[in-house]
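Let's take a friendly walk through a protein model together. Have the structure open beside you as you read.

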Amino acid sequence: MKMRIAVLVSGGGTNLQALIDAQGSTLTSGEIAVVISGNPNAYALQRAQSAHIPTEIVEKKRCGSQEAFEAALEAVLCRHKIDVIVLAGFMTILSKNFTEKHPGRILNIHPSLIPSFCGEGFYGLRVHEAALRYGVKVTGATVHFVNEVPDGGQIIAQKAVDVLPGDTPESLQKRVMEQAEWILLPRATEAVCAALQEETL
Ligand code: GRF
């Protein structure tokens with residue numbers, strides 16, 4: 001049986017698109033069963049709908065508290081019988097209370113080589129601005145398991161990308177996505193799903 005994957009998004013969803021496109025090729029041990037958005041206006045929702053994947057919206061501000069938000073999320077995951085959770089640009093931090101219920105089953109993609117340029121406040125273009133400010137010549141992307149420490153869980157896979165002279169945060173973000181994120185996330189998701197499938201055999 002394929003592992004049932006929930007992809008959690010808040011924005012454009014290019015990593016979600018990479019997972020959708022990988023289904024049946026790189027991604028064979030799991031299938032995207034639902035896309036859950038923390039933002040009702042996320043373009044990622046349209047990507048899911050175009051691929052005929054069910055969508056759900058769980059907004060923290062409408063839930064009122066972290067506890068109520070996570071309870072709502074758990075209810076959606078349970079309803080869709082989810083085995084694996086992939087955070088693909090999901091902007092709401094998950095508490096220890098939530099993450100410890102799903103050990104080894106929540107993945108996140110971060111656009112740098114952890115432990116550089118990661119943790120609280122390092123999201124979006126800020127990550128690439130920090131890399132350029134520091135002057136690193138190589139950056140990349142990391143897929144890791146999620147625990148209560150932002151970007152602090154066990155590393156699953158990393159891919160390096162060159163920083164080039166004249167790079168802007170935008171040009172670097174684009175190269176990291178194209179050369180690392182969109183390749184790495186489907187591969188790492190497949191590896192986790194395949195390992196979990198083995199366990200359940
Ligand atoms: C990506 O850079 C990802 O690494 C980070 O958030 C961004 C999401 O982009 N966690 P998208 O919504 O997948 O296009």
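## Two backbone spots to find

Start with Pro115, which sits in the loop between β5 (residues 106-110) and α6 (residues 125-134). Keep in mind as you look that this is a predicted model. Which kind of peptide bond joins Ile114 and Pro115? The bond between these two residues is cis, with an omega of about 20°.

Next, move to the loop between α2 (43-50) and β3 (55-57), where you will find His52. The phi angle of His52 is positive, about 60°, although His52 is not a glycine.

## Who surrounds the ligand?

Now turn to the ligand. Which residues are around the ligand? They are Gly12, Gly13, Thr14, Asn15, Gly89, Ile109, Pro111, Met177 and Glu181. In terms of chemical character, this shell has three nonpolar residues, five polar ones and one that is charged.

Two helices are worth colouring in your viewer: α1 (14-22) and α7 (169-200) each give at least two residues to the shell around the ligand.

## Polar contacts with the ligand

Let's zoom in on individual atoms. In the side chain of Thr14, an N or O atom is 2.6 Å from an oxygen atom of the ligand. Glu181 also has a polar side-chain atom placed 2.7 Å from a ligand oxygen. With Ile109, the backbone takes part: one of its backbone N or O atoms lies 2.8 Å from a nitrogen atom of the ligand.

How much of the ligand's accessible area does the protein cover? On its own, the ligand has 370 Å² of accessible area, and the protein covers 84% of that.

## The pocket itself

Where does the ligand sit? The space it takes is the largest pocket, which has a volume of about 790 Å³. How many residues line this pocket? There are 35 of them, and those nearest the centre of the pocket are Gly89, Phe90, Met91, Asn108 and Tyr123.

The lining is made up of 15 nonpolar, 16 polar and four charged residues. At least two lining residues come from each of α1, β5 and α7. You have already met α1 and α7 as suppliers of the shell around the ligand, and β5 came up at one end of the loop that holds Pro115. Gly89 may look familiar too: this residue is around the ligand and is also among the residues nearest the centre of the largest pocket.

Definitions and conventions
Residues numbered from 1 in each chain as written. Predicted model: local features only at pLDDT ≥ 70, side-chain atom pairs only at ≥ 80, totals over all residues. Heavy atoms only, no water. Near = heavy atom within 4 Å. Polar contact = N/O pair within 3.5 Å; in protein donor to acceptor, adjacent residues only side chain to side chain. Areas by Shrake-Rupley, 256 points an atom, 1.4 Å probe, with all protein chains shown as cover. 1 Å grid on protein atoms, 1.4 Å probe; cavity = no way out; pocket = protein on both sides within 12 Å on 5 of 7 lines; lining within 4 Å. Sits in = over half its atoms within 2 Å of the grid points. Helix = DSSP H or I, 4+ residues; strand = E, 2+ residues; numbered from the N terminus. Nonpolar A, V, L, I, M, F, W, Y, C, P; charged D, E, K, R; others polar. Points joined across faces, edges and corners; volume = space filled by probe spheres on them.
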